[in-house]
Amino acid sequence: MRVFNFAAGPAMLPLPVLEQARDELLDWRGCGASVMELSHRSKAFAAVAEELQSGLRELLGIPGHYRVLFLQGGATGQFSAVPLNLAGADATVDYLNTGYWSKRASNEAQRYCKVHIAADEEASSYTTVPEPGKLELSSGAAYVHYTPNETIGGVEFPYIPDTGRVPLVADMSSTILSRPLDVRRFGLIYAGAQKNIGPAGLCVVIVREDLLGRARPTTPSVFDYKRMADDTSLLNTPPTFSWYVASLTLKWLKGEGGLTAMAERNGAKAQALYQTIDASGLYRNPVAKNCRSWMNVVFTLGDAELDKRFLAEARTAGLTNLEGHRSLGGMRASLYNAMPRAGVQALIDFMRDFERRNG
Ligand code: PMP
């Protein structure tokens with residue numbers, strides 16, 4: 001039985017994508033072999049690479065002067081690759097600290113350059129984002145880094161920071177493709193695939209062309225944006241199966257109406273769940289209302305015993321992976337593109353029923 005899987009990542013994939021991958025598994029497009037068994041340099045596989053690249057460009061409306069790279073090492077790899085490519089050892093870089101992932105990013109950057117924390121939301125226990133006018137950006141920073149959606153805290157920026165001429169770098173792992181995006185506002189965007197793009201093993205980097213060619217000489221070649229761009233991300237063997245499933249996912253997205261349709265659907269899903277939480281006497285979401293995440297909805301029940309019962313009963317009802325991140329506890333429902341409205345409704349119905357019985 002397929003469940004409604006609320007995992008934060010690797011996350012649910014669209015059922016039609018899984019079905020197509022299953023149907024094509026043994027014989028991909030008449031090759032007599034699985035796509036997993038093809039050379040990444042074969043003509044047949046070049047079609048997958050092309051579909052992945054053009055699919056992403058079309059969905060996000062990526063301008064011609066941006067390059068799209070498909071790398072390995074996850075978003076965590078990019079925590080190092082960004083400073084190595086964009087900042088010299090003496091450079092200062094600005095980071096907005098809004099939770100677990102932005103902190104992980106700035107900690108890693110500290111190994112390579114001087115990190116200035118331009119905003120820090122620790123005082124609110126990371127339930128807020130900084131006000132647009134309150135960013136303490138340093139003059140002459142090599143870039144400004146932020147995490148538009150904190151996957152663990154369930155906190156999301158309702159605006160794109162204005163950094164003037166300083167390149168803005170965004171870790172969009174848990175928000176990319178959830179709605180339309182003005183790529184021009186960014187110098188660089190990166191995102192692990194395992195939430196809204198496809199399976200794990202693939203990390204997307206969208207980088208403005210003028211930022212290429214600045215990597216430190218010691219940068220590993222597989223993390224050197226220019227080398228990867230020059231080799232169309234085929235400097236070494238890529239995770240070919242991930243590329244393939246990601247290309248299917250992008251086609252599915254397009255067929256569903258693209259990012260405008262996703263925005264409507266995702267907004268409605270999140271709103272319905274937050275309304276349920278706010279209307280209840282049992283569940284609580286600690287995040288400030290102006291920056292509640294569409295993708296990761298966190299809530300608490302305020303009692304460890306009740307948490308356990310909630311999770312066990314939810315699992316029995318076919319609603320899985322609702323436990324919060326190990327660092328935070330509580331509950332978290334991740335509502336990425338592949339989570340249907342019916343899944344959210346099933347969760348809401350379950351939550352109301354659970355409250356009636358335990359509230
Ligand atoms: N950044 C964000 C916002 C994330 O949600 C995650 C993973 N959940 C990461 C970075 C780390 O990604 P990876 O495990 O692919 O390195």
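Colleague: Which domains does the domain assignment of the chain give?
Modeller: In this predicted model, the chain is divided by its domain assignment into two named parts. One of them, domain 1, covers 15-255, and the other, domain 2, covers 258-358.

Colleague: How many residues does the contact take from domain 1 and from domain 2?
Modeller: The centres of domain 1 and domain 2, taken over C-alpha atoms, are separated by 27 Å. With contact meaning heavy atoms within 4.5 Å, domain 1 contributes 26 residues and domain 2 contributes 27 residues.

Colleague: Which residues in domain 1 lose the most area to domain 2?
Modeller: Between domain 1 and domain 2 about 2100 Å² is buried, with carbon and sulfur atoms giving 60% of that area. On the side of domain 1, three residues together account for 23% of what that side buries, and they are Thr127, Ile152 and Arg179.

Colleague: How many residue pairs are in polar contact between domain 1 and domain 2?
Modeller: Salt bridges between domain 1 and domain 2 number zero. Polar contacts, counted where both residues are at pLDDT 80 or more, do link domain 1 and domain 2, and the residue pairs number twelve.

Colleague: Which element supplies the largest share of the side of domain 1 that touches domain 2?
Modeller: At least two residues of that side come from each of helix H2 (43-60), strand S6 (149-150), strand S7 (155-156) and helix H6 (240-255). The residues of the side of domain 1 that touches domain 2 comprise eleven nonpolar, ten polar and five charged. The largest share, three residues, is supplied by H6.

Note on methods:
Residues numbered from 1 in each chain as written. Predicted model: local features only at pLDDT ≥ 70, side-chain atom pairs only at ≥ 80, totals over all residues. Heavy atoms only, no water. Domains from an automatic or database assignment. Buried area = accessible area lost by both parts, 1.4 Å probe. Salt bridge = Lys/Arg side-chain N within 4 Å of Asp/Glu carboxyl O. Polar contact = N/O pair within 3.5 Å; in protein donor to acceptor, adjacent residues only side chain to side chain. Helix = DSSP H or I, 4+ residues; strand = E, 2+ residues; numbered from the N terminus. Nonpolar A, V, L, I, M, F, W, Y, C, P; charged D, E, K, R; others polar.
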